[in-house]
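Work through the exercises below with the structure open beside you. Try each task before reading its solution.

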Amino acid sequence: MKFTDLFIRRPVLAVVLSLVLLVLGLKAFTELQVRQYPEIETGVITVTTVYPGASAQSVQGYVTQPLQAQIAQAEGIDYMTSKSTLGQSLITVNLKLDFPTDQALTEILSLVQQVKYRLPAGTQDPSIVKSTSQSPILYVSFESDTLKAEQISDYVSRVVKPTFSTVDGVSKVDILGKSDFAMRIWLKPNQLAVYGLTAIDVQNAIKTSNTVSAAGKVKSNFIEVDINAHTDAATVEDFKNIALKAKDGQIVHMKDIATVELGAATYNEQVMFNGNHAIVTAISNTSTSNPISVVEDTYKLLPSVEDSLPPGINANVIYDSTKFINSSIDEVTKTLAEAALIVIIVIFAFLGSMRAMLIPLITIPLSLIGSMFFMMALGFSINLLTLLAMVLAISLVVDDAIVVVENTFRHLETGASPTEAAIKSAREICGPVIAMTITLAAVYAPIGFMGGLTGKLFTEFAFTLAGSVLISGFIALTLTPMMTSKMLNKQVLEGKMVKKIDHVIEKLVNRYVRVLTVVIDNRKLVWPLVATFLISLVFMFTHTSNELAPQEDQGVVIMMGNGPQQGNTDYLAHFTESLSNKMMDYPETNMTLMVNGYNDDQTFFGLGVLKDWDERDATAQDIMGRFTKDTATDPGLQLFTISPPDLPGTAQGLPFQMVIKTPTGSYQDLYQYAEKLKEYALSSGKFIYVQNDLKFAKPQLEITINRDKAALMNVNAQDVGNVLTRYISEGFINYFALDQRSYQVITQVSRDDRSSVDDINQYYVRSNNGDMVPLSALVDITESVQPSSVDQFQQLNSATIEGKMMPGISVGEAYEVMLKGADEILPKSYSVDSSGQLRQFVEEGSSLIGTFFLALIIIYLVLAAQFESFRDPLIVLTSVPLSIFGAMIPLYLGLDTLNIYTEVGLVTLIGLISKHGILIVEFANQLQKECNGDKRQAAIKAASERLRPILMTTAAMVIGVVPLLTAAGAGAQSRFAIGLVITVGMSIGTLFTLFVVPTIYTFLAEDHSKEEL
């Protein structure tokens, strides 16, 4: 008795096994987490150190260099960048994929502590923060017509930020437009000189008059009383009345030489929401958390936050990135239902019987639901990729059942009883079904064991699809034979629809046999034809545009840009207002956000949040093109628009970021070479926009102390430095308390007293003998041009060429052009690297090519073991390159690109098209004995008798993925990419399989005529 006979004779056993799978799958469905992508840890650690007033070069030399040299010793670093600007050092550590962020954070904290002693006096303690490499997932604005920005910011800092930070999975809550309270002491240089005072006198007075004392408590034999000594200054009046100097009964107070007010710690960032000033919270999630659950939990807190807001403050959700995620999941779920319906119609069209259709139909829910049990066991989640795997699985899981049903039909037509037909059919088809199931499952093994981002993303896709196929194969050998024995009979064959379909199929088979006979009779022509296709395939592979992932419409347009290097946030605000208005004029726009002073005073960042996908016809890419055209002649700003990264683990920014680095070259030389490469990029015609992030256009005043004059006048350099620090920089002296919180005390002269060189010349410093000496008598002031920031990549001086490609130009094509340009322009001591999305492409772009060939090898070995032959698998696999040739045609013609989705589709085609070859070769081997060893006759008969199941499975697959081709809305591009490859590849591959495989069989097949059936 064969294995399959057991389930035909014991139907309850067959049903129970399937029900166990169903129950376990349903249980798993209730437990599985729903998220956008599989869980991937892509940690980023930033080390921010403030050195108030220091130039970019001083910050790099005294702060950045020692810190990053120490940080570089930490484990798990992929690459490290640093940016030194006026008064601030920013070191960004990008960790390797799935390296524990907490472990890296702990190690970096320890390393930074070891080097803090080397930082110069006046440097604030480094702030070390962990986050993901992705953008914030939720923006919430707070605005008011009655309250000042400092008041809103203070409330958000005190109440809103701590509340949002309690949500599980929140990494950080950034406050955009933050303007914390500060005691601003606006010094009057002339008044100070009149009273014979200097900045150091003010600093010392504040330190001695605003100090916190821990007085302890008084204690007697029976009682004790706590002491609170009011040695600090707490109000504006307290600071106004600080005594600076007392002489001849006269006291000079702070109010005599300064304007004291409760102001903001900084005025360098302005945020506009729909054209109105606002404070915005930007919520980021941890690298391992699920953004969907993080945002859902934040929304649960939002009503209580809104209820507690002071009168006059309104809260609005500006942008929610999970809308795209949820909409994408909804669209894939809809596609899943559409694909199931289409497959049902296709099966009915070929079988013509509702009873016959139900047999393969039952495989769909059993396989998909059953696969969820394996997903839960392996720690997977329901995400876009596993759902996409299920869409493809719908067409795959019915294949084996279709083959069994069709073969049973064939035996019923010869007069066998239902049970006898089911037994014979199952016995004959058992081998091919096992071979097809193992082959298709095996093709995904290389994807599942890939490393890098692609491997992490598609492991769950691959194993979900493989699990579905394995379950469908199990059902095809257990439940399906039992159902055919119970539900199929000769009366089914007598149905009008069945007869009509049989008649059409019979005519088609006859025509097919005639054409196949002609092809085999001229079989020598097949070799040059196949060779031509293979050569063409290589050509198309090397001349097709490639990128990491297709660009999706994520419901938002990101605007970024910068003003001139001498500009400030007021300048940006003046020009970005019109940008916001233009974006709001578009009917597709829902709201806008503009952040002026993002990262530095010359840079802005904005969001054009679009309406939902079903409320607009234009895509985000259409709107970006329109906006770019409408703002092309706008003066004052360099502007570009981008979409958020399409894959996890990539920082927001331009899609092309090539890094030029040098171990010895100066920034001046680096700038010149970077500019040449920038011009090369612009002249290549591959880019819409290109910028060099190293800009030698920042005006700088060089103040040089004439040390001879200083010595003659009894003035030291430290006193000069103290005057400049306290008058010009925003460095704070100490803290004061306000409502149980501490805020900075900042001295500075007003903007009117620090707007020109003449103002600086009028500052006074006191000599050691008490005379007041103007700086004009001590210093020489010249103007120079310096970089606004000095950057390093992997601790080497660097400049980054950033760009956005022309429509239709892929990142791979642009990268090849720029590598050629770098070879021509850069000296040998210079080298290039990549960051951002380009780095992902360079590291992951070709990884699936090796996987493709590995999948071919694994399938060959599996088939060799199944057929007990090293030649038969070659016959089966001859259809693979022909199918890939068909799939490459639309990619070569520009309908899509070579990306991770189309490449996964190509790998999937290996298994799909191999199933046809297995059916033909397996059956031809069985027929050789019947045909007295005539391989030609066996091949023709096997191909003709397997034509119907091959056409059925192809139609189910091709038409079943049509919803992927017609996909619209969120996530449509990725679904289209994989659907396009499978549809065209399967259609053309099946056509070639039906003629090439039988022909190759006549050349290569072994003699099976003497083998036992």
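The exercises that follow use a predicted model and go from the whole protein to single residues.

**Exercise 1. The whole protein**

Task: Find how many helices and strands the protein has, and what share of its residues count as buried.

Solution:
- Step 1. Count the elements. The protein has 36 helices and 31 strands.
- Step 2. Take the extent. The C-alpha atoms fill a box of roughly 130 × 75 × 55 Å along the principal axes.
- Step 3. Turn to burial. Of the 1013 residues, 56% count as buried.
- Step 4. Add the surface. The accessible surface comes to about 41800 Å², and 55% of this area belongs to carbon and sulfur atoms.
- Step 5. Look at the contacts with a separation of 6 or more. Residues 24 or more positions apart account for 81% of them.

**Exercise 2. Two domains and their interface**

Task: State which residues form domain 2 and domain 3, and describe the interface of the two.

Solution:
- Step 1. Read the bounds. Domain 2 covers 43-132, and domain 3 covers 134-219 + 227-326 + 714-771.
- Step 2. Find the distance. The centres of domain 2 and domain 3, taken over C-alpha atoms, are separated by 24 Å.
- Step 3. Count the residues in the contact. Domain 2 gives 9 residues, and domain 3 gives 9 residues.
- Step 4. Choose a yardstick. The size of an interface is often given as the accessible area lost when the parts come together.
- Step 5. Apply it. Domain 2 and domain 3 bury about 710 Å² between them, with 55% of it on carbon and sulfur atoms.
- Step 6. Look for salt bridges. The rule finds 0 across this interface.

**Exercise 3. A surface patch**

Task: Name the residues that make the nonpolar surface patch of about 540 Å². Then decide whether isoleucine 223 is buried or exposed.

Solution:
- Step 1. List the members. They are Val218, Phe222, Ile223, Val225 and Ile227.
- Step 2. Place isoleucine 223. This residue lies in the loop between strand 8 (217-219) and strand 9 (224-226).
- Step 3. Compare with the cut-off. Exposed means over 50% relative accessible area. Isoleucine 223 has 57%, so it is exposed.

**Exercise 4. Two residues under one cut-off**

Task: Explain why threonine 298 and alanine 1005 count as buried, and list their contacts beyond four places in sequence.

Solution:
- Step 1. Recall the cut-off. Buried means under 20% relative accessible area.
- Step 2. Take threonine 298, in helix 10 (residues 291-308). Its relative accessibility is 3%, so it counts as buried.
- Step 3. List the contacts of threonine 298. They are Leu138, Phe164, Val167 and Ile283.
- Step 4. Take alanine 1005, in the segment after helix 36 (972-1004). Its relative accessible area is 1%, so it is buried.
- Step 5. List the contacts of alanine 1005. They are Arg871, Asp872, Ile875, Gln928, Lys935 and Ile1000.
- Step 6. Relate sequence to space. Alanine 1005 and arginine 936 are 69 residues apart in sequence, and 9.9 Å apart C-alpha to C-alpha.

**Exercise 5. Positive phi**

Task: Find where asparagine 274 and asparagine 714 lie, and what their phi values are.

Solution:
- Step 1. Recall the usual sign. Most residues other than glycine have a negative phi.
- Step 2. Read the angles. Phi is near 55° in asparagine 274 and near 65° in asparagine 714.
- Step 3. Place asparagine 274. Its loop runs between strand 13 (270-273) and strand 14 (276-277).
- Step 4. Place asparagine 714. Its loop runs between helix 24 (707-712) and helix 25 (717-727).
- Step 5. Check exposure. Asparagine 274 is partly exposed at 31% relative accessibility, and asparagine 714 is partly exposed at 33%.

How values were computed: Residues are numbered from 1 along each chain as its sequence is written. This is a predicted model: local features need pLDDT of at least 70, side-chain atom pairs count only at pLDDT 80 or more; totals for chains, interfaces and linings use all residues. Side-chain values use heavy atoms; hydrogens and water are left out. Patches are made of residues with over 30% relative accessible area and no salt bridge: like charges are joined within 9 Å, nonpolar side chains (Val, Leu, Ile, Met, Phe, Trp, Tyr) within 5 Å. Accessible areas come from the Shrake-Rupley method with a 1.4 Å probe; for residues, only the protein chains shown count as cover. A salt bridge is a side-chain nitrogen of Lys or Arg within 4 Å of a carboxyl oxygen of Asp or Glu. Helices (H or I, at least four residues) and strands (E, at least two) are DSSP runs, numbered from the N terminus. Buried means under 20% relative accessible area, exposed over 50%, partly exposed in between (1.4 Å probe, protein chains only). Domain bounds come from an automatic or database domain assignment. Contact means heavy atoms within 4.5 Å. Buried area is the accessible area (1.4 Å probe) that two parts lose on being put together, summed over both.
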